[in-house]
Amino acid sequence: MTSPSASPASFWPPAALRGGTRAPLRLARLTGAAAAVVAAYLLFRGTATLPHDDDAAPFRFVGDARDWVDANRNESPVFLFLVNYVRLLVGGLHDALHLVPQVLGWAGTTGLAGALGWLAGGGRVAAVALAGFASFGVLGVWRESADTLTLVLAAVLLSLLLGLPLGVWAGRSVRLRRLLTPVLDVMQIMPTFAYLAPMVVFFQIGPASATVATLVYSIPPAIRITALAVDRVPHVAVEASTALGATRWQTLRKVHLPVARATVALAVNQTFMMALSMVVIAALIAAPGLGSGIVTGLSRADVGLMLPAGVAIVVMAVVLDRMTTAAATREPSARGRIAAATAILLCGVVAARFLPAEFPENWVLRLAGPVNEVVDWVKSSWYGVTAVARDVTTEALLNPLQEVLTTAPWWLVAAVVFVSAWRGGGYGPALVAVGCLLATALLGLWQHTMETLTTVLAGVAPALAAGLVLGVAAARSRRFAAVQRPLLDAAQTMPPFVYLLPALALFGATRFTAVLASVVYAVPPVVRLVEDGIGGVSPAVVEAARSCGSTERQVLWKVRLPMARKAILLAANQGIVMTLAMVVVGGLVGAGGLGYDVVSGFSRRADFGMGFAAGLATVLVGITLDRITRGAAERPARKVPRQFPESLTEGRGSHEDRT
Amino acid sequence: MRIGRRVRLLAGVLTLALASGCGGVRVEPGASSAQPSSDRTVRIAVNPWVGYEASAGVITYLLEKKLGYTVEKKELAEQVSWEGFEKGDVDVVVENWGHEELKKTFIQDRKVAVEAGSTGNKGVIGWYIPKWMADKYPDITDYRNLNKYASLFRTSESGQKGQLLFGDPSYVSNEDALIKNLRLNLKVVVAGSEAALIESATQAQRQRRPLLFYFWDPHWLFSRVDLVRIALPPHTEGCDADPEKVACDYAELDLDKIVSRRFADGGGRAYQLVKNFSWTNEAQNAVADDIANNGMSVEDASRKWVEANESVWSAWIPR
């Protein structure tokens with residue numbers, strides 16, 4: 001089945017895993033290719049590099065487009081009749097929703113949350129909601145939490161309003177799905193940061209603009225998962241309905257939607273989660289709320305300031321997650337449930353009459369002081385260790401790798417990419433991968449793309465290794481899996497910025513910090529996919545191997561891992577895309593390359609063009625990496641996505657099945 | 001501009017379709033969703049450095065406690081703040097560092113902002129080293145000798161070159177052009193924040209580690225850490241006009257306040273107070289020092305200063 005050379009180290013590059021009886025030959029060929037690349041590099045090092053120019057033509061072109069918008073905001077009908085109306089409407093919705101917590105006060109709003117929790121899932125969910133909302137006050141961020149909740153609700157409402165119909169439509173029309181898939185792909189790979197600068201150009205800053213940015217980020221899962229749900233409704237049911245003379249509309253309402261309900265509820269859940277993870281970034285364009293605490297904390301390197309806001313975001317994510325998940329699985333609501341919900345709401349409203357509208361000061365837990373003391377202690381007593389870890393990694397890994405990638409001729413890099421993608425997936429993916437990579441050069445961002453690639457590669461290896469070890473452990477021991485699962489849940493609901501906090505405190509603003517944060521961010525999905533894949537290996541095969549006298553170790557290496565190859569390669573694919581997403585966020589804390597270009601394009605008007613181009617370049621790099629790894633995984637296993645990138649493969653897979 | 005024409009053409013068709021019906025919406029102050037329910041709210045942008053926070057803190061304190069306004073603070077990067085003038089999301093930028101290009105766009109061309117006078121603070125950006133380095137290598141303070149010492153500043157982030165530590169990505173910066181045009185063997189490394197710069201400077205003095213970094217005056221740090229400024233080619237009028245070709249030091253700036261036109265026209269006493277606000281670098285440093293080092297909140301530090309300096313601020317309160 002497999003060869004002894006299939007050690008974990010050779011999962012990367014994935015093609016190496018295809019080992020069979022001809023493994024020695026393959027190995028020889030691989031070595032030969034590697035030697036050729038090294039020789040070519042040594043021969044041509046420093047030639048045909050494409051050094052960075054801050055004033056490249058594409059940047060200027062985008063900058064000019066921005067100036068045109070600026071000049072025509074009050075003349076051009078596009079603005080008078082479209083963009084400005086959108087802003088007005090979105091702003092109106094946001095302000096209307098904002099009235100709710102203002103009128104109800106903190107006690108009333110908490111009561112409302114509890115009531116909704118009860119309606120959604122009964123006593124336990126109601127308790128989670130009540131405790132969660134009360135904790136916002138205790139953390140001292142009640143008002144910020146209310147602002148954030150308003151923004152999230154406004155964005156999610158709009159996302160669902162637009163996304164669900166579009167999704168239903170896309171679920172029934174292959175053509176629309178084909179049209180939407182690449183658009184949604186770009187929306188999801190585009191670093192969130194890269195939305196902001198164009199958002200500012202069109203909608204300027206403020207809550208309305210932030211709501212639109214959040215909407216753009218959170219709408220893809222609404223469309224995708226709904227489309228998937230509608231598409232998966234069994235043909236038999238649809239045909240039966242049509243045969244009985246139902247109209248298209250009746251079939252949709254009475255067959256498609258009820259059958260797809262649970263999955264559509266998942267779409268709602270995912271839309272909420274995506275919207276929440278945008279909250280921090282939206283603070284950069286003056287969205288009120290929790291995000292601003294984190295942004296301020298980042299700029300002052302004050303962990304104590306960030307922590308309450310970060311915890312509140314996680315709590316909010318948990319509450320919303322529980323409520324929407326419960327709503328998906330509940331039975332039709334009983335009358336007693338409505339009565340209980342009303343009772344909770346009334347309690348809240350009555351309490352609000354007697355309690356002050358502001359959360360009482362002396363109920364607040366002040367965390368900043370003690371937290372900062374701990375951080376300071378860790379910093380001063382571990383400084384030696386952290387500094388050495390950082391410097392050694394940077395000098396021994398990041399710098400040489402970056403040196404190689406930036407001094408290699410562009411054609412050599414392109415050739416390596418082409419061959420890796422071709423070995424995995426054939427000519428199609430290889431051409432796409434190389435085309436996207438070279439397009440970054442046309443954008444004038446080759447060198448920065450190579451720098452970003454360095455940090456991604458450095459992050460991917462440890463993320464995959466850790467994910468693999470944890471995933472295998474979870475697949476083998478049920479108890480370990482049970483302990484790990486809630487941790488993974490928490491890690492995946494946390495907005496990516498929160499990962500930056502501890503890394504920043506310990507290691508300062510460097511590339512190493514960004515790499516570290518991206519590893520932490522990418523591990524959970526890898527673990528899940530690996531665990532799933534290994535758990536999915538047929539027990540009969542495992543039994544057969546055991547009865548032949550294999551040790552547990554042999555079963556793992558020779559049976560489980562090789563048989564879960566597809567899932568593991570998909571995990572690698574996901575790990576890479578996640579790492580890329582985080583490395584861009586790392587532009588805020590010292591990662592150079594495209595991430596920094598995007599950040600600086602946002603905060604400096606003169607760099608607008610470069611920032612925008614860098615956002616596009618990130619998408620291109622994402623596609624390149626995706627094609628290299630996805631080809632190897634062939635058609636990936638079906639997984640319902642928790643976070644964005646998995647869903648890239650979803651829509652596509654499903655319509656391919658159909659056609 | 002060709003794109004412009006095409007979009008306009010397309011837009012023209014749209015106009016024809018819509019013009020009869022409704023009038024379209026302009027981006028005007030007043031059309032904003034962020035518009036307050038009353039005129040008693042002032043929105044102040046807070047840029048990410050502590051000196052700015054000190055000025056904003058004192059103005060906020062006076063507006064709230066002496067004039068009865070409500071202040072909304074918005075944590076924003078410098079250039080992003082200006083985007084808020086048009087629709088009323090930002091009324092006041094308290095401490096503006098030059099930004100002639102923004103003034104041209106927002107004050108002259110788009111006419112959404114106006115200048116509201118000096119803060120009284122003199123601001124100057126420069127490159128600094130800890131004093132022990134200047135004592136040990138006396139000629140290091142001349143930029144011409146920086147290449148000789150570049151290896152001292154090398155870190156794992158700067159590769160083979162010397163490191164020039166920079167602050168928040170949004171800060172005013174000529175660093176890349178300076179390094180290129182003065183042919184320095186340095187690399188800009190972005191620390192990400194003011195706090196990171198301060199921490200590095202403090203460590204550089206305490207542990208006698210070499211450091212070359214971007215910093216600015218007024219700042220409380222100068223009273224705690226001995227720093228020496230590197231002499232770059234002296235600033236002359238217009239030498240920094242083309243950002244690509246800058247090869248001279250930063251100018252000493254008269255830091256000023258910028259307000260939205262809407263606020264200047266209808267801000268009443270709040271606008272008057274902002275306009276009158278003017279204090280010394282020492283005053284700002286004192287408040288900033290309390291915030292950064294004495295564990296005071298911005299509000300407490302501002303109250304302390306206001307209580308001790310009535311003679312200064314009473315002149316700002318409009319009659």
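The domain bounds I'll use today come from an automatic or database domain assignment. With that in mind, hello everyone, and thanks for coming. What you have in front of you is a predicted model, and I'd like to walk you through it, starting with chain B.

Chain B is divided into two domains: domain 1 takes in residues 29-122 together with 253-313, while domain 2 covers 124-229. Their C-alpha centres lie 30 Å apart. How many residues does each domain bring to the contact between them? Domain 1 of chain B contributes 18 residues, and domain 2 of chain B contributes ten. On the domain 1 side, four elements each supply at least two residues: α2 (50-65), α3 (78-82), β4 (113-130) and α11 (281-293) of chain B. The biggest giver there is α11(B), with six residues. If you sort that domain 1 side by class, you find eight nonpolar, seven polar and three charged residues.

Let's step back to chain B as a whole. There are 13 helices and nine strands in chain B. Of its 319 residues, 45% are buried. And if we take contacts in chain B between residues at least 6 apart in sequence, 75% of them join residues at least 24 apart.

There is also an annotation to mention. According to UniProt, in an unreviewed entry, residues 41-307 of chain B are covered by "domain: ABC-type glycine betaine transport system substrate-binding". The span 41-307 of chain B is 37% helix and 23% strand, and its end C-alpha atoms lie 24 Å apart.

Now please zoom in on one strand of chain B, β6, at residues 186-190. Why can we call β6(B) largely enclosed by the rest of the structure? Because four of its five residues are buried. The strand β5 (residues 162-166) of chain B runs parallel to β6(B), and five bridges join the two. To find one of these pairings on your screen, start at B:Gly162, whose bridge partner in β6(B) is B:Leu186. Add helix α7 (residues 175-181) of chain B, and you have a right-handed β-α-β unit made of β5(B), α7(B) and β6(B).

Next, where the two chains meet. Here 52 residues of chain A are in contact with 44 residues of chain B. Several helices of chain A each supply at least two residues to this side, among them α2 (57-72), α8 (207-231) and α14 (368-407). Which helix gives the most to the side of chain A that touches chain B? That would be α3(A), with eleven residues. By class, this side of chain A has 23 nonpolar, 18 polar and eleven charged residues.

Let me finish with two places inside chain A. The first is helix α22, residues 552-563 of chain A, where A:Val555, A:Val559, A:Arg560 and A:Leu561 are buried. The buried residues of α22(A) pack against α20 (511-535) and α21 (539-547) of chain A.

The second place is A:Ala339, which sits in helix α13 (residues 335-354) of chain A. Is A:Ala339 buried or exposed? A:Ala339 has 10 other C-beta atoms within 10 Å, and a residue counts as exposed if that number is 12 or fewer, so A:Ala339 is exposed. Try finding A:Ala115 as well: along the chain it is 224 residues from A:Ala339, yet their C-alpha atoms are separated by 9.6 Å.

That's my tour, and I'm happy to take questions.

Key. Residues are numbered from 1 along each chain as its sequence is written. Chains are lettered from A and ligands numbered from 1 in the order in which they are written. This is a predicted model: local features need pLDDT of at least 70, side-chain atom pairs count only at pLDDT 80 or more; totals for chains, interfaces and linings use all residues. UniProt positions are given in the numbering used here, feature names are shortened, and annotations may be inferred rather than shown by experiment. Two residues are in contact if their C-beta atoms, placed from the backbone, lie within 7 Å. Ala, Val, Leu, Ile, Met, Phe, Trp, Tyr, Cys and Pro count as nonpolar, Asp, Glu, Lys and Arg as charged, and the others, Gly among them, as polar. A residue is buried if 20 or more other C-beta atoms lie within 10 Å of its own, exposed if 12 or fewer, and partly exposed in between; C-beta atoms are placed from the backbone. Two strands pair if DSSP finds at least two bridges between them. A crossover is right-handed if, with the strands pointing away from the viewer, the path from the first strand over the helix to the second runs clockwise.
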